[in-house]
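Here is a quick tour of the model, from overall surface and shape down to individual side-chain pairs. Keep the viewer open as you read.

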Amino acid sequence: MKSKLKTRNTLLFLSFVLPAAIYMILMVIFPIIYNIAISFRDINLMNFAQGGSSFVGTEVYKTIFKDPLLWISMKNTLVFTIWCLIFQFPIGFAMAMLFSRHFPGAPSLRGINFIPWMIPMVAVAGIFKYMFNADIGIINRMLMGLHLIQEPIQWLAYGNTAMAAVIIANVWKGVPFNMILLATALTTLPEDIYEAAIIDGATPVQRFFKITVPLLKPAMLSVLTLGFIYTFKVFDLIYVMTSGGPGSSTEVLSSLAYRFSFSEYNFSKGAAVANILFILLMIVGLFYIYLVNKEDKESKGGRR
Amino acid sequence: MISKMKKKQLISNAIFLIIGIGVTCLFLFPLYWMITTSIREPGSTFTNPSFFPESVQFSAYVMQTENGVSIWSYFMNSVVVSLGTTILTIILAIPAAYAIGRFNLKIVSPIIFVFLVAQMMPSSLILTPIFVTFSNLGLINNHLGVMLADATITIPFSVIILRTYFKDIPKELEEAALIDGAGPYTTFLKIMIPVTFPGIITAISMSLIMSWGDMVFSLTLLTRDRLRTLPLILYKAMGELGVRWEILMAYATIVIIPIIIMFVFLQRFLISGLTAGSVKG
């Protein structure tokens, strides 16, 4: 009787989940497996219509691991991600603190500052490419107006400044994400703790480090891991603003995978780089899933 | 005494409001600069542009692209692709999210795991296989192909958002409907979907925004100019028009207009979508 009910339940469950499951198998799981398979074969523009060459073992990986481009891209991806987090997290946090205060207009201002997060990456890249333009860009104009520089900086012509430019553009899009998630977490903090701390004579700095930071730790961890994941797989911004250049000074793993597959039409090399990117992402991703599960269990325990 | 405190409160409010407005103006300056550049006289971007545009003109908005096609026809391509993606997403994601949010089966956890991994997956991971398969299936230069590909981003995201909404429905509501003799599908359609309506609006708006902004899949799957979407045209124009910044910024503004409209009407849903999709998981 009980098992019959269970079977019925399972069938009902499947009838709801199956359409999406079939889609996911065809469009996500199968391509991931296919991508692994491609990286162990030799597929290029010449032979891909015929299904590519046969199994070549780890040849493709051996080739790309010897390629300095892979290591440069890996380093660039990491440098890009870490600098983005170093800037966007504190700025977002500061804005969250500011717009969580109860002054008139605070919710609207917080809302408006959310807009950059929604803007397509191509448009962000376009706007910042214009602002960083050496001759007519507003950034050089402002810096010269303030007498911080004498000569216009050729931002996108040199490795370090190009990297700085893409980081600044990405930070602009990333700040609202940090701000909104941290502001939401801030509103859940109990106010009576702060009132008690004020009565006990705690300074604002003490209250921040002794109350806000410890209580916000789960949200902060979640924002940082998700921020890492979203930033680490950056593609559009780099592709549009610098296309990995000058040289390969802003080449990241996503753009390298794209270059191999769709500029050099060496699909196997592109697939292999994408797989490496995915493995690196999953290391952080599994940590994030662990966080989510932990929170899931805690919220279940609280509710039922 | 009270009035003194009130006065202090008033001053502190005013100070924070001024700081808040200052921060907002500084942070959103790139948008101001984009819009004002787009309405400047052609060529005036070369000379030292003033902070406020001296004259206003909208010729960049009605310009045709290099191929003699109006920018608004690419706009329509983008509308078609993002609406199609969103419809596909909603049809598949709602029942799936309901199932994994409400059923207490062993198979649920691995399914959630797949959606979470898919949400974090870089598009470049599936780009090559999709390109190769779609080439063989004739889905290159087909908006349906882009919709199917864009949905690899929007479906996992929507399922994860909607699951939290379905999970929060009290059990009594479902049981009451079943006791009244409603079948499981009627309960789902007549009770569950209306109750999670805010969540569904959230998933729809997030899907629209994500598919509207996609460039990777259109870049790879659309090679015929007339089929291209707006973000792709903006990218191509940056190569072709290089220095005509007032036109490029007009294109960028056109890309952003629907986003601003959605923000005005759906702000609450978008913000809750971001938080539901990220922190709660």
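## Surface and burial

Chain A of this predicted model exposes about 14300 Å² of accessible area, and carbon and sulfur atoms supply 68% of that. As for what's tucked away, buried residues make up 52% of the 304 residues in chain A.

There's also a nonpolar patch on the surface, and it takes in residues from chain A and chain B: A:Leu11, A:Leu14, A:Leu18, A:Ile22, A:Leu26 and B:Ile107. Together they put about 530 Å² of accessible area on show. One of them, A:Leu11, sits in helix H1 of chain A, which runs over residues 2-39. Its relative accessibility is 56%, so A:Leu11 counts as exposed, the cut-off being over 50%.

## Shape and fold of chain A

If you like your secondary structure simple, chain A obliges: it has 13 helices and 0 strands. Read from the N terminus on, the element string is just α-α-α-α-α-α-α-α-α-α-α-α-α.

How does the radius of gyration of chain A sit against that of a compact globule of 304 residues? The globule would come out near 19 Å, but chain A has 24 Å. Along its principal axes, the C-alpha trace of chain A spans about 85 × 75 × 30 Å. On the contact side, take the pairs in chain A that are at least 6 apart in sequence: 68% of those contacts join residues at least 24 apart.

For one pair that doesn't come together, try A:Lys294 and A:Asp42. They are 252 residues apart along the chain, and their C-alpha atoms are separated by 42 Å. A:Lys294 belongs to helix H13 of chain A (residues 267-303), and it counts as partly exposed at 41% relative accessibility.

## An enclosed helix

Why is helix H6 of chain A described as largely enclosed by the rest of the structure? The helix covers residues 121-131, and 10 of its 11 residues are buried, so the surrounding structure largely encloses it. The buried set is A:Met121, A:Val122, A:Ala123, A:Val124, A:Ala125, A:Gly126, A:Ile127, A:Phe128, A:Tyr130 and A:Met131.

## Salt bridges

How many salt bridges turn up over all chains? The count comes to 4, and three of them are worth a look here.

Start with A:Glu59 and A:Lys62, whose side chains meet with an N to O distance of 4.0 Å. Both residues lie in helix H2 of chain A (residues 59-66), and being 3 residues apart, they are separated by about one helical turn. In general, an α-helix has 3.6 residues a turn, so residues three or four places apart point the same way. Both partners are partly exposed: A:Glu59 has a relative accessible area of 43%, and A:Lys62 has 45%.

Next comes the bridge between A:Glu251 and A:Arg259, at 2.7 Å from N to O. Here A:Glu251 is buried, with 2% relative accessibility, whereas A:Arg259 is partly exposed at 27%.

Chain B supplies another bridge, this one between B:Glu246 and B:Arg244, at 3.3 Å from N to O. B:Glu246 has a relative accessible area of 2% and is buried, while B:Arg244 counts as partly exposed at 33%.

Methods: Residues are numbered from 1 along each chain as its sequence is written. Chains are lettered from A and ligands numbered from 1 in the order in which they are written. This is a predicted model: local features need pLDDT of at least 70, side-chain atom pairs count only at pLDDT 80 or more; totals for chains, interfaces and linings use all residues. Side-chain values use heavy atoms; hydrogens and water are left out. Buried means under 20% relative accessible area, exposed over 50%, partly exposed in between (1.4 Å probe, protein chains only). Helices (H or I, at least four residues) and strands (E, at least two) are DSSP runs, numbered from the N terminus. Patches are made of residues with over 30% relative accessible area and no salt bridge: like charges are joined within 9 Å, nonpolar side chains (Val, Leu, Ile, Met, Phe, Trp, Tyr) within 5 Å. Accessible areas come from the Shrake-Rupley method with a 1.4 Å probe; for residues, only the protein chains shown count as cover. The radius of gyration is taken over C-alpha atoms; the globule rule is 2.2 Å times the number of residues to the power 0.38. Contact means heavy atoms within 4.5 Å.
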